[in-house]
Amino acid sequence: MEQRYANCWRLTVNEKKFIESSLLSELRVDGRGSLEYRKLSIKFGKDNGSAEVQLGETRVMSFVSAELVQPYKDRPNEGTLSIFTEFSPMADPSFEPGRPGESAVELGRIIDRGLRESRAIDTESLCVLSAKLVWAIRIDIHILDNAGNLVDAANIAALASLSTFRRSECSLGGEDGQQVVVHPPEVREPLPLIIHHLPVAVTFGFFSNENLVVLDPTYHEEAVMTGSMTVTLNANGDVCAIQKPGRQGIFQRVIMHCLKLAHVKAADITTKIIDAVEKHNIQREVQKVKRHSNCFTD
Amino acid sequence: MESKSAGSSTNFVDQLVYPGDVVLDLSTMTNQTIKLGGGLRQDGDVISVMKAGRLRFSKPNKYWVESSQKRYVPHAEDSVLGIIVDSRSDNFLVDIKGPTLAFLPVLAFEGGTRRNIPKFEVGALIYVRVVKAIPGMNPELSCTDASGKAGEFGALKEGYMFECSTGLSRMLLSTPTCPVLDTLGKKLSFEIAVGLNGRVWVNASSPSTTIIVANALINSEVLSGVQQKIMAEKLLQRVQ
């Protein structure tokens, strides 16, 4: 019991009061404006489909993999997309190893709703052989460091890794044309996923004082705030999902105002993701060019 | 460098050392008494290092390894910032970022008797002194200095507390005053309490000053003395 006490981080009364009172004068403890995002950086791994996102001090890694499976009976022509979250106790001592906690499930669900139910990924193109074989795309999200607003960071990581993911090409062969041949990447260039749009999650925090709204709450603000709202929308402003945990009630006009703000932010983040992905793709192409430096020497 | 390590029998002083390094050979220093601090141990005839950090030496014969870490290992006579977790009939349970919770006896206050036990709500921030730190036991705290006076110990009201590494708090407490505090202190007025356990409390009359000071201190962790001064001066210019 006592050991558990010692391991968890706790907020002091002083901090709680200070965060609330300074927000009243439009100040945040990390020096940001109330509607300012933290610094976002997107890095890619060596493998296709791995990305690491750093949002302020929050770090999230995402890894996409694919395998051939039998499709669901009711959707014989569609591939599947599933999201798994891993909350390591290294990221935050309050995360317990083993079974996923409430926050892990909620995070996975929000991203899942934003990506899958808005049909951002074209699942029909993942079908290889109707009712026999489809690609199952799996996104693994690892939280590396929790400094607040995991949802946004994890969502950006998932989008970045999906945008750089390449699956092996496969074709049908054999006598009856039912034999599936998977071509290794050396033989045929792997294919990217077909992504229709990028649904970006933007989180707002609400406090007991109804006039206070902050964008991208930090760990400390998360501990103080009484409610939050995550809006998932794409650069065109189409709302894909809204999640509003916490008991705090929010006025309709505040929600509409937040949606407008989120639209601007989403467009901003989308360009950042696209830029980073493009840069990565160019880099990868350059690496692929084989240079024979000693070809012409003799 | 030469003058600093004068009197010590090793040339590792103020250098980075790593676990396994042998810093002292006792067979060459007979008839000498040395005192070992944290991070060092005796292996037969040699003194070897147990944790990564800088080897420090204090005249005439004290050696220890200083490192910066997120976890605090309680040590007697350290002043720390604690958070009240729970109150029992004879002890307050206090979180001091150590491996276990620390006990603050309800009588360990100036003029403390059974009749005037102070009241702390859960989550209150207090500035306390570690009295006993024995491995395997919960550390014991006190809200008085060694002579039984309250001094500056006790509850900290208002203000903002942030957590940092133990190295940063040691830097803030060092003499002469570290450049960032020195520069900020010339222009801004604020109160500060630094706990050796990697917690710093800042209070000023306006929240904006508190935020500026807190962020300047957090940012100064990786900066050298001159850089700290430049950073603090730039910050002050932006404010005025």
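In this predicted model, the contact between the two chains draws 20 residues from chain A and 29 residues from chain B. Together, chain A and chain B bury about 1900 Å² between them, and 59% of that area lies on carbon and sulfur atoms. The rule finds 0 salt bridges across the interface of chain A and chain B, while it does find 4 residue pairs in polar contact there, both residues of each pair being at pLDDT 80 or more.

On the side of chain A that touches chain B, the elements giving two or more residues are α1 (2-7) and α2 (13-24) of chain A, and of these α2(A) gives the most, with 5 residues. By character, the residues on this side of chain A divide into 8 nonpolar, 7 polar and 5 charged.

Turning from the interface to the interior, the reader finds that the largest nonpolar core holds 62 residues, of which I42(A), L115(A), I139(A), I141(A), I143(A), L162(A) and F204(A) touch the most other members. Helix α4 of chain A, which spans residues 150-164, gives the most to this core, with 10 residues.

The surroundings of one of these residues can be followed in detail. Once its neighbours within four places in sequence are left aside, I139(A) is in contact with S62(A), F63(A) and V64(A), with L81(A), S82(A), I83(A) and F84(A), and also with L115(A), A158(A) and L162(A). Apart from the largest core lies another core, of 35 residues, whose members include F207(A) as well as C164(B), L172(B) and L236(B).

Technical notes. Residues are numbered from 1 along each chain as its sequence is written. Chains are lettered from A and ligands numbered from 1 in the order in which they are written. This is a predicted model: local features need pLDDT of at least 70, side-chain atom pairs count only at pLDDT 80 or more; totals for chains, interfaces and linings use all residues. Side-chain values use heavy atoms; hydrogens and water are left out. A nonpolar core is a set of buried Ala, Val, Leu, Ile, Met, Phe, Trp, Tyr and Cys residues joined through side-chain atoms within 4.5 Å. Buried means under 20% relative accessible area, exposed over 50%, partly exposed in between (1.4 Å probe, protein chains only). Helices (H or I, at least four residues) and strands (E, at least two) are DSSP runs, numbered from the N terminus. Contact means heavy atoms within 4.5 Å. Buried area is the accessible area (1.4 Å probe) that two parts lose on being put together, summed over both. A salt bridge is a side-chain nitrogen of Lys or Arg within 4 Å of a carboxyl oxygen of Asp or Glu. A polar contact is a pair of N or O atoms within 3.5 Å; within protein, one must be able to donate a hydrogen and the other to accept it, and residues adjacent in sequence count only if both atoms are side-chain atoms. Ala, Val, Leu, Ile, Met, Phe, Trp, Tyr, Cys and Pro count as nonpolar, Asp, Glu, Lys and Arg as charged, and the others, Gly among them, as polar.
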